[in-house]
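Work through the exercises below with the sequence and the model on screen. Try each task before reading its solution.

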Amino acid sequence: MDWLVGWVLAQRVGCLGSTRAVMKKSSKFLPVVGWSMWFSEYTFLERDWVKDEAILKESFQSFKGFPRPFWLALFVEGTRFTEAKLQAAQEHAASKGLPIPRNVLIPRTKGFVSAVTNLRSFMPAVYDITIAIPKGKPSPTLLGLINRQPTTVQVHIRRYLTSDLPISEEGLALWCKETFMNKDDLLEKHKIVNGFGDDLRKRIAKPVGPLLIVLAWSAFLLFTAGQIFGPLLSSWVGIAWIFGTLATIFFLMQVFILFTQSERSTPVRQVPQKRMIVVDGSQ
């Protein structure tokens, strides 16, 4: 559910409507959520660098002259976390003489390097965002969301000026890997103290404007749904059709989520839904 946390954070700072993300192509077929990403013009990759390099460059250049401050979210690890993937990342790091990760996977740096290289001229900052769940709190899941199961999510943010980042592609790749090693240390400390530290805590107020927009759209959609599906609720066949459709959508979402966690969904060299890097396009 890392994408949901990212959306909430973007909404709190007024960037939700202009937030974009780089996702794998299969994500856009996810019922409801994937479709919304597709309609919002997210960037979808083929997992083939020969094709993806051109897709990324075209997408990044479209941000030039963007009329509003924007965020571009990059999930640099490129896959969901499993213990098997973490073990593979540790073995790979050991074979290359690199620091052994404990809580993160080895980041895939090509997309990040391409983003900074193409956006540097009008991108003021990069935000390194780390998300963690405190001990004793349930992890957020799709089923838990539907069941309205509360949890606690802690977010740690570091801001880096683009002008302070390395110029060369090799330097950017190394910077990204070092940032993930720092992230690994931060998460290890979080395990011990069960938090990022009260001295770093800062409250981000909930804006009123987006809430009013959500309420207005919700009222409109409920009214429209009532007009469309109202006649169906007058018969058992119609009720069965509605609930069958909703159950099918939920089932497909669960299948997709399980597939993304599968060991065969991607080469096992990366990790969880706990970290992302956000490129800030605010002027």
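**Exercise 1. A patch on the surface**

Task: In this predicted model, find which residues form a nonpolar patch on the surface, then place W35 and W38 in the secondary structure.

Solution: Step one is to list the members. F29, V32, W35, W38 and F39 make up the nonpolar patch, and together they have about 600 Å² of accessible area.

Step two is to locate the two tryptophans. W35 is part of helix 2, which covers residues 33-39, and W38 lies in helix 2 as well.

Step three is to classify them. A residue counts as partly exposed when its relative accessible area falls between 20% and 50%. W35 has 39%, so W35 is partly exposed. W38 has 43%, so W38 is partly exposed too.

Step four is to look at the surroundings of W38. Apart from neighbours within four places in sequence, W38 is in contact with K28 and F44. The C-alpha atoms of W38 and K25 are 9.7 Å apart, with their positions 13 residues apart along the chain.

**Exercise 2. A salt bridge involving K25**

Task: Identify which side chain meets K25 in a salt bridge, and decide whether K25 is buried or partly exposed.

Solution: Begin with the general idea. Side chains of opposite charge can pair when their charged atoms come close.

The partner is E46, with an N to O distance of 3.2 Å. The pair links distant parts of the chain: K25 is in the loop between strand 1 (19-24) and helix 2, while E46 is in the loop between strand 2 (43-45) and helix 3 (49-61), 21 residues apart.

Now check the exposure of each. The relative accessible area of K25 is 32%, so K25 is partly exposed. The value for E46 is 35%, so E46 is partly exposed.

**Exercise 3. Salt bridges of helix 7**

Task: The structure holds six salt bridges. Find which residues pair with D184 and with K183, and say where each partner lies.

Solution: Take D184 first. The side chains of D184 and R102 meet in a salt bridge at 3.2 Å, N to O. D184 belongs to helix 7 and R102 to the loop between helix 4 (83-96) and helix 5 (110-119), so this pair ties together parts 82 residues apart in sequence.

The two partners can be described by their accessibility. D184 is buried, at 1% relative accessible area, whereas R102 is partly exposed, at 36%.

Then take K183. The side chains of K183 and D128 meet in a salt bridge at 2.3 Å, N to O. K183 lies in helix 7 and D128 in strand 4 (residues 125-132), so the pair ties together parts 55 residues apart in sequence. Both D128 and K183 are buried.

Finally, look for shared partners. R102, D184 and D185 are joined into one network by salt bridges that share partners.

**Exercise 4. Buried residues of two helices**

Task: State which residues are buried in helix 1 and in helix 5.

Solution: Start with helix 1, residues 2-12. Its buried residues are D2, V5, G6, L9, A10 and Q11. After helix 1 comes G14, which has a positive phi near 80°.

Go on to helix 5. Seven of its ten residues are buried, so helix 5 is mostly covered. The buried residues are F112, V113, S114, A115, V116, N118 and L119.

**Exercise 5. A record and the model**

Task: Find where UniProt places the feature "transmembrane region", and describe the chain over residues 211-230.

Solution: The unreviewed UniProt entry places this feature at residues 211-230 and 236-259. In the model, residues 211-230 are 95% helix and 0% strand, with the end C-alpha atoms 27 Å apart.

**Exercise 6. The whole chain and its confidence**

Task: Count the helices and strands, then find where confidence is lowest and where it is highest.

Solution: The protein chain has nine helices and six strands. Of its 283 residues, 39% count as buried.

Next, turn to confidence. The mean pLDDT of the protein chain is 83, and 90% of its residues reach 70 or more. Helix 7 (residues 169-193) has the highest confidence, with a mean of 95, and strand 6 (residues 275-280) the lowest, with a mean of 50. Over residues 264-276 the pLDDT is below 50, although this stretch has 63 contacts in the model beyond near neighbours in sequence. Where pLDDT is low, the predicted coordinates should not be read in detail.

Terms used. Residues are numbered from 1 along each chain as its sequence is written. Side-chain values use heavy atoms; hydrogens and water are left out. Helices (H or I, at least four residues) and strands (E, at least two) are DSSP runs, numbered from the N terminus. Buried means under 20% relative accessible area, exposed over 50%, partly exposed in between (1.4 Å probe, protein chains only). pLDDT is the predictor's confidence in each residue, from 0 to 100. Contact means heavy atoms within 4.5 Å. Patches are made of residues with over 30% relative accessible area and no salt bridge: like charges are joined within 9 Å, nonpolar side chains (Val, Leu, Ile, Met, Phe, Trp, Tyr) within 5 Å. Accessible areas come from the Shrake-Rupley method with a 1.4 Å probe; for residues, only the protein chains shown count as cover. A salt bridge is a side-chain nitrogen of Lys or Arg within 4 Å of a carboxyl oxygen of Asp or Glu. UniProt positions are given in the numbering used here, feature names are shortened, and annotations may be inferred rather than shown by experiment.
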